[in-house]
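I opened this model to look up a few helices, strands, residues and pockets. My notes follow in the order in which I went through them.

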Amino acid sequence: MKKFSPVKLFFVGSVLILIVFTLLFWNFYQNNPEEVDHVRLEDWSRPVELAVNVPSVSYDVLFSEEGFELFAIQEDRDGREKFLNQVKVDYAGEVQEKLEIDRAGQLSFPVVAGLEAENYLFYFAGESSRNQDLIARDLNSNESLVLRESISFSNALHYAISDNMINLIYTEKAVDSGDDSISVVGFDPENQEEAFNYSYPFDLQARYPKLAKIEDKIFMFWHERNPDTMFISGQEGTINRYFLKAAELDLETGELTDEKILADAYGNSSANIDIAQVGNQLWISWVEYNRDAEADFINLATFDSDGEFKYHLQKAGFNPSIYVEEDNKNLVDISRSDRRTSLFLSQFSERDVELKSQRMFPDLHTSRAPKLLNHQGEGHLFWVESATTGRDIFYSNTVAAEDIKLFELMGFSAISGPMELFSSLILFFGYPIMAFNFAFINYYIPIIIVVFAFYLLGKISFGFYKLKHSSPYLSFFSMLTAIFLFIWLAQGELQYLFSITSPPGSQMPLIAGIVTLITLAYIYFSRYDQDHSIFIGFGSVLLWFYWLAQAGLVYEFYQYFI
């Protein structure tokens, strides 16, 4: 039988470990997809980047049969000017055309509204945030109209449609006094003009207004500063500083009636409140800081035309976006974990007490401001990721979803270049060495006991002395048996075989068995002097431990890429 160099066999064994356990991991995922949480949700396509260097989280989307149009604001490299882009994208996420609509010193809050086959884009534009105009742009004729002039520090543009009228709402701030006010502007598409303009000043701060039509009534929702939090210092003064309030709005007179406080609210971002309507009921999601849990929590409640407000459930997270259509109710939000912010998808109902949330795209770690939309029964998700400068807009949908492939399961889809792939090979061969630093009790103690026993028995019996030097299998199996017995008696669980990784419990016996067979093959094909058999057996145990750590690493290799 031809023998080979132990060094060559070492590399062959490591490559064999990588191939065999990659296939076993793939098979495990196929049979137990619910136990593998590091891959994207298979119902959603792989995320694609639509826009880069976006200065804010405000953007909007207009759907069509062939794809959609993204309206987002970007800025020059020097940041002196911003420009509003119209990006036409197909449902595979490929950009078809990119147009610049407007350019100014300050641009913000693009919003698209459709009425009777006519689509309009509304946004703020001006020299600076102290002096902006509210622009209405007809996307069919590309003609623009200035609805309001000289608006200072505009924020959070939103709309609702009623009686062939597009009703816009936003906040602005008086330059001289600094007081906040909420403005409601009616746009008449037929006559291409402003129909009315109401302003509601506030002594304290007002933020993030929303409009909604429920049956034949228009309701206004907003965040208003809680006066009891005005003079609280420290971190406590930044928590739940606002009330979530609601009132019915009469568009004929501008009168607000039945104003009420609905709940406390954190109120630190326009992305922390969302509404969705189904039938005669409005779902509201907003963020409140939970002092006991010391974390952001999303509340879900309903609001009807009679002003009845009803809590339904709460979950940890922030930046909620909800889509509701009869029994199909979905919530996408952001959750924090180890300084990462990730997208989670939940399905809910009015009866749910707890939500089962699933992480959507584990290889993205700085997600913010999701926007979950539905078009022709398919889900479309937009969100932003933090970038070196500003933010980047990403997109995924359920239209072009594809199966999870082996490359993605192993985490290699997150590799950005050849150097990262090369470093992964170094990691694969180098990191298991660290396992020796964490295995003192479970490995070294039984090995020392066997070495001591072999020494004593060799002194007592010359026959045993010859036997231990004639075959490496005796020392190998003796040490391996001692390790298994020690772990079984001292620890009681097989997982203590693995010192730096924790593969699935059902795979541990299989991993130990296959690594043992590969190590036996290594001994069998190795070229060595028979007098060194005892040392080959001892060394093979250390190699067995190294390969065991390597095999466990295959199951967690993805952690070093995503």
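**Helix 7.** I checked the length of helix 7, residues 508-525, against the expected rise. Its 18 residues at 1.5 Å each should span 26 Å, and the end C-alpha atoms are 26 Å apart, so the two values agree. I note here that the model is predicted. I then listed the buried residues of helix 7: M508, I511, A512, I514, V515, T516, I518, T519, Y522 and I523. I looked up what these buried residues pack against, and found helix 1, helix 6 (472-490) and helix 8 (533-556).

**Helix 1.** I ran the same length check on helix 1, residues 6-31. For its 26 residues the expected span is 38 Å, and the distance between the end C-alpha atoms is 37 Å, which agrees. The buried residues I found in helix 1 are L9, G13, S14, I17, F21, T22, F25, F28 and Y29.

**I17.** I picked I17 from helix 1 for a closer look. Is I17 buried or exposed? Its relative accessible area is 0%, and the cut-off for buried is under 20%, so I17 counts as buried. Setting aside residues up to four places away in sequence, I recorded contacts of I17 with T22, F428, V515, I518, W547, Q550, A551 and V554. Of these partners, V515 and I518 are also on my list of buried residues in helix 7. For a long-range distance I took I17 to E385: they are 368 residues apart in sequence and 36 Å apart in space, C-alpha to C-alpha.

**Q86.** I next looked up Q86, which sits in strand 4, residues 82-90. Q86 has a relative accessibility of 9% and therefore counts as buried. With neighbours within four places in sequence left out, Q86 contacts E69, L70, F71, E97, K98, L99 and I101. I also took the C-alpha separation of Q86 and A295, which is 37 Å for residues 209 apart along the chain.

**Strands 16 and 17.** How do strand 16 (242-249) and strand 17 (256-265) run relative to each other? They are antiparallel and are joined by 7 bridges. K245 is placed opposite I261 of strand 17. The two strands form a hairpin with 6 residues between them, and G254 in the turn has a positive phi of about 80 degrees.

**Largest pocket.** I read off a volume of about 1,400 Å³ for the largest pocket. It is lined by 47 residues, and those closest to its centre are D60, H158, D274, I275 and L373. Strands 2, 6, 10, 14, 18, 22 and 26 each supply at least two lining residues. Strand 26 gives the largest share, 7 residues. By class I noted 32 nonpolar, 10 polar and 5 charged residues in this lining.

**Second largest pocket.** The volume here is about 840 Å³. Among its 30 lining residues, L41, E42, D43, L345 and Q358 lie nearest the centre. Two or more lining residues come from each of helix 1, strand 23, strand 24, strand 25, strand 26 and strand 27. The largest share is 4 residues, from strand 24. The classes in this lining are 11 nonpolar, 11 polar and 8 charged. I noted that strand 26 is listed for the largest pocket and for the second largest pocket as well.

Notes
Residues numbered from 1 in each chain as written. Predicted model: local features only at pLDDT ≥ 70, side-chain atom pairs only at ≥ 80, totals over all residues. Heavy atoms only, no water. 1 Å grid on protein atoms, 1.4 Å probe; cavity = no way out; pocket = protein on both sides within 12 Å on 5 of 7 lines; lining within 4 Å. Points joined across faces, edges and corners; volume = space filled by probe spheres on them. Nonpolar A, V, L, I, M, F, W, Y, C, P; charged D, E, K, R; others polar. Buried < 20%, exposed > 50% of the residue type's maximum accessible area, 1.4 Å probe, protein only. Contact = heavy atoms within 4.5 Å. Expected span 1.5 Å × (residues − 1). Pairing = 2+ DSSP bridges.
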